[in-house]
Structures are given as structure tokens and as C-alpha cells.
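Visitor: Could you take me through how a helix and a sheet are read from coordinates, giving the general idea before the particular case?

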Amino acid sequence: MSTPFWITATPPATHGELHIGHLAGPYVAADVLSRYLRAEGEPVLFTTGTADHTSSVHVRALRAGRKPEEVSEGYRAAITADWLRSGIEFDHVVRPRQDRGYGRWVADLFRRLHAEGVIAPRTRMLPYCEPCGRWLYGAHVTGACPHCAAVSDGGMCHECARPNDGGDLVEPHCAVCATPAVPRRCRRLYIPLEPFRETLADYWAATGLPPRLAALCESLVEDGLPDIAVSHPAEWGLSVPVDGFPEHRIDGCFEAAAMHLFGYGDDRPLPERTIHFCGFGHAFCHAVLLPVILLSQGIKLPQEFCVNESFVIEDKVIVSGSDHKVWALDLLTEYGSDTLRRHVLQARPLGRRTVFHADRLDAARKELDENWNSWLSRLFAAVRAESAGLAPAALPGGTGWEVLAQRLLRAVEDLREAYGPDTFDPRRAVALLDEIVRLVSDFGHVNAHETCRPTADCRHLPALSAQLAVASALSAWARPVMPEGADRLAAALKAAPGRPVSDAALAPLPPGSRLAPPSGPIFGF
């Protein structure tokens with residue numbers, strides 16, 4: 001069995017649908033890298049899961065008067081459908097409530113860590129809601145983060161990504177009834193991180209963390225690594241398989257980390273490289289908890305991190321009055337996957353929060369219509385009118401072709417760099433693709449006048465052949481970003497889909513090949 005290149009993306013909680021911020025975070029970007037590597041012939045395993053047992057699912061169910069199973073199943077189906085419509089192709093999506101053996105596998109891991117002393121009991125203060133008669137943990141409790149003072153749930157602050165124990169929240173209150181919480185002593189199971197101080201510090205130093213994630217990890221070491229609760233007295237989730245905690249459920253963050261390992265599979269050799277795509281607010285699970293679980297089992301896994309910040313929706317009109325402008329399903333219906341994918345890659349929040357602007361999504365569609373589709377429409381019309389719809393029996397040429405060809409060869413090298421795992425920059429890839437289209441579109445306009453010359457004598461055919469060669473190359477070069485349109489273009493040219501992003505794709509079509517352009521736009525709609 002070959003050693004795969006393992007790519008993961010954060011399992012989303014199934015308490016709601018995907019919105020544009022989710023797509024701008026880990027999912028589309030991870031799919032771009034996966035598609036590029038597959039085209040290069042690399043063995044890739046691209047995995048995620050759905051966090052069905054998180055406390056936010058139970059809170060959503062309580063507020064709606066529904067069963068958590070119904071909430072989880074409904075939103076899991078919606079999320080996986082949105083991934084499919086977005087062109088995001090996972091090799092394995094872990095389904096905690098459907099995958100055979102999943103619950104037993106997580107319980108065995110938990111039980112083994114407890115037997116080895118990695119998980120140990122502690123008694124700490126935990127908020128309690130007296131009117132609801134419920135312990136408040138995770139999404140059940142809201143207060144101010146003890147580290148950065150931002151509004152935070154229990155367990156993890158999504159603003160500073162530092163963990164809290166629930167009892168350290170400032171002015172905690174129940175997320176369901178808003179009653180101020182009462183602190184009570186509660187015995188739970190924890191993973192004490194301090195015994196892993198030196199191992200984690202060495203691991204982080206060797207990993208090459210992004211600066212903000214490195215600052216988080218170094219701060220945790222400097223302040224003293226905390227104990228992380230991995231069980232709670234709760235009604236929803238996987239039961240704790242350890243005696244003495246009959247009403248406890250396994251923590252959602254622990255389960256999310258374990259989910260990655262289950263998705264990879266026990267029967268595979270360790271991956272050559274692993275890249276985790278996640279938002280900064282979820283980075284603790286990937287960068288701290290998962291390595292601890294692995295290191296405690298004697299597994300030192302090379303891991304890298306591609307971390308994004310939040311894609312913020314600040315316009316209250318959009319949020320409250322025009323939901324079709326933020327939810328993935330409605331955006332995909334209105335704009336299509338090509339437009340939405342290229343937009344979220346251009347707007348991807350790196351190093352700082354990014355605010356969603358609906359007009360920039362419209363600009364992405366305009367770019368495809370006025371440049372990409374306009375050029376392809378003119379090209380197919382010219383082939384139909386001047387070459388009977390067949391690929392010309394002429395080598396690529398025309399005025400400016402030599403210069404254009406050299407620019408394209410330089411551009412594809414830059415494109416490979418932007419797609420590659422060591423220098424991954426999908427925003428740069430989109431800019432390069434747009435530049436390629438503008439260059440060949442200008443080339444087409446310049447050479448279109450060849451048909452007006454009295455001595456034309458097929459002078460126009462080399463320029464058509466050249467543009468068809470670029471279009472064929474574009475079906476390979478653009479596929480990681482816009483797979484739907486790229487495959488539509490490949491089908492129109494009778495070219496093989498999924499070819500490598502290389503200069504070899506820039507080859508003329510076989511003379512006499514009959515083109516099959518679609519009746520509508522190729523990219524977007």
C-alpha cells in the first residue's frame with residue numbers, strides 16, 4: 001500500500017448549515033491542494049467528518065424543541081450536499097452515527113489512554129443552571145474568556161483559541177435560558193498536558209507553525225500547559241467507557257481529534273506528509289490535542305498547518321433580511337460552484353479577519369462572464385465559422401504567439417508554485433489564471449483581423465489553433481480552482497480531464513477534432 005499525502009479539514013458541527021465563511025475557511029482551499037496533488041500523480045487521502053456529538057447540537061435541539069438526533073442528521077445531510085455541490089471531493093467523511101465500528105473505536109482509544117494514565121480524574125468548578133437542572137459545558141454556557149475577555153463558550157474560545165475549563169469563564173450564564181450560572185464542584189476526566197511539555201515544545205519547534213499559531217503554543221508553554229477536560233456530565237454524545245462516570249459523555253474536541261485518526265484508518269502506513277486545514281478558532285484541537293493523542297501512543301507524525309482566520313458577515317441586512325446571500329446552498333444555486341470557489345479563494349482570510357462583501361462575489365461572476373466566457377464564446381464561434389467546428393489543421397501561431405507562449409510557460413511555473421504544498425497560495429493561483437485569460441483574449445482580438453485581409457489564405461487558422469491549445473491547457477490549469485467549468489471545457493475540446501498542471505497541457509488539439517461547446521457559459525452560470 002502506497003504512503004498517502006494526508007489532507008484533513010476541520011469536521012463541522014452539525015447544528016446548522018454551511019455558510020460562505022465555512023467555504024472561505026478550510027474546505028475549498030483543502031480541495032484545491034488535493035486536486036492538484038492527484039493530478040500530479042501523488043497518492044492523496046483527503047478526509048474530514050461531521051461533529052455530530054458537539055454540545056452545540058444539543059443546544060440547538062433544546063432551543064427548537066427537537067431531538068438532537070434529528071438536528072444532527074438533518075444538518076449533516078445538508079452539509080454533505082453542500083460539499084458535493086461545491087465540488088469538494090473527500091475520500092472519507094466520517095459519520096459518527098453511521099460508520100460501523102466508530103463508537104467502539106473511540107471508546108477503545110479513550111479506555112486505553114485512561115489505562116495508561118494519559119486521562120485522569122480531576123475535581124474542578126463547573127457552571128450549573130438551576131432552572132434547567134443541567135451542568136453547563138461547551139455551548140451550554142456563555143461568558144467572557146478568562147484570557148482575552150471575548151464572548152466565549154465553555155471549553156474553547158474561538159477568538160484567542162485558548163482553552164478554558166468552563167468554571168474560569170467570567171459571568172457565565174446558561175445559553176438556553178440565560179440564567180446566571182452557579183459554580184459547583186464536578187469530578188470529570190482530563191488530559192493533563194504538562195507531562196507533555198518538552199515533547200510538545202520540540203514538536204512545535206520542528207513543525208514550522210504559522211506565526212499566530214506559534215504564538216498560541218508558546219504562550220501555553222510559558223503559562224503552564226493546562227489540564228483539558230475530556231468528559232462532561234451530559235445527555236448527548238458518546239458515553240464515557242470508564243467506571244465511575246456513568247452519566248458522562250466524551251468531549252467534542254477530543255472526539256474531533258480522534259475522528260481524524262479513525263478517518264485515516266488503522267490499516268494504512270503512516271503518511272509521508274500531513275496538512276491540517278482549519279480555522280484559528282479550532283487550531284487547539286489540531287495543534288495540541290491530536291499530537292498529544294499520537295505522541296502518547298508513540299507515534300511521531302509529521303504535521304503541517306494551513307490556518308485561516310474568520311470570514312466575517314457584518315452586514316445586518318444580509319444576516320437578517322437576505323439569507324440567500326450567506327448560506328452555501330443558496331449561493332451555489334444563484335452563482336454556481338465556479339464563481340463561489342474562486343471568490344472564497346480570493347477573499348480567503350489569512351492573518352486577519354476578512355469581511356464578506358456581496359458586491360465582490362458579484363465581481364467574481366462578472367470576471368468569469370466578461371473575460372473567461374466571453375473569450376471562449378468568441379473562440380468557439382470562430383472555429384465554427386472558419387473551420388467548420390473542427391480543430392484546424394495548423395500549428396499554433398499568429399501575431400505575438402511566440403511572446404505569448406513564453407509568458408504562458410512562465411505563468412504555469414508560477415501556477416505550480418501557487419498550487420504546491422510548500423508554497424500553497426490559492427489566491428495567487430486565481431490571479432495567475434485571470435492573467436492567462438486576459439493575455440490569450442487579447443491575442444485573439446489582435447489576430448481576429450487576419451480574416452479581413454484580402455490575402456488571408458488561412459492566415460487566421462494558426463491563431464485559432466493557438467487559442468485552442470491554451471483553452472485545453474486551461475482545462476487542466478484551472479481545474480483545482482474551478483473543477484466544474486474546467487471539466488465542461490475539457491469535454492467541449494474532447495480533452496482528458498484532470499491532467500497535471502504543466503506545460504505539457506499546452507499542446508494543439510488533434511487536427512480535425514470536432515468540438516462540442518455547450519450551449520451556455522462554460523465557467524459559472
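**A helix and its surroundings**

Guide: This is a predicted model, and a good place to begin is what covers the buried residues of helix 3, which includes helix 1 (20-39), strand 2 (44-49), helix 2 (55-64), strand 3 (92-94) and helix 10 (328-346).

Visitor: Which residues of helix 3 are buried?

Guide: The buried residues are Pro68, Val71, Ser72, Tyr75, Arg76, Ile79, Asp82 and Trp83. As a general idea, an α-helix has 3.6 residues a turn, so residues three or four places apart point the same way. In this case, the buried residues of helix 3 fall within an arc of 130° when seen down the axis, so they line one face of the helix.

Visitor: How does the span of helix 3 compare with what its 18 residues should give?

Guide: At 1.5 Å a residue, helix 3 (residues 68-85) should span 26 Å, and its end C-alpha atoms are indeed 26 Å apart, which agrees. After helix 3 comes Gly87, which has a positive phi, near 80°.

Visitor: In what order do the three strands of the open sheet lie?

Guide: The order is 7-6-8, with antiparallel pairing. Strand 7 (151-153) and strand 8 (170-174) each have a single partner strand and stand at the edges, so one side of each is left without a neighbour in the sheet. On average, and ignoring direction, neighbouring strands of this sheet are turned by 25° against each other.

Visitor: How many bridges join strand 6 to strand 7?

Guide: Three bridges join strand 6 (residues 141-144) to strand 7, the two running antiparallel, and Ala144 has Val151 in strand 7 as its bridge partner.

How values were computed: Residues numbered from 1 in each chain as written. Predicted model: local features only at pLDDT ≥ 70, side-chain atom pairs only at ≥ 80, totals over all residues. Heavy atoms only, no water. Helix = DSSP H or I, 4+ residues; strand = E, 2+ residues; numbered from the N terminus. Expected span 1.5 Å × (residues − 1). Buried < 20%, exposed > 50% of the residue type's maximum accessible area, 1.4 Å probe, protein only. Arc of directions from axis to C-beta. Contact = heavy atoms within 4.5 Å. Pairing = 2+ DSSP bridges. Axes fitted to C-alpha atoms, helices over the stretch in contact; angles between N-to-C directions.
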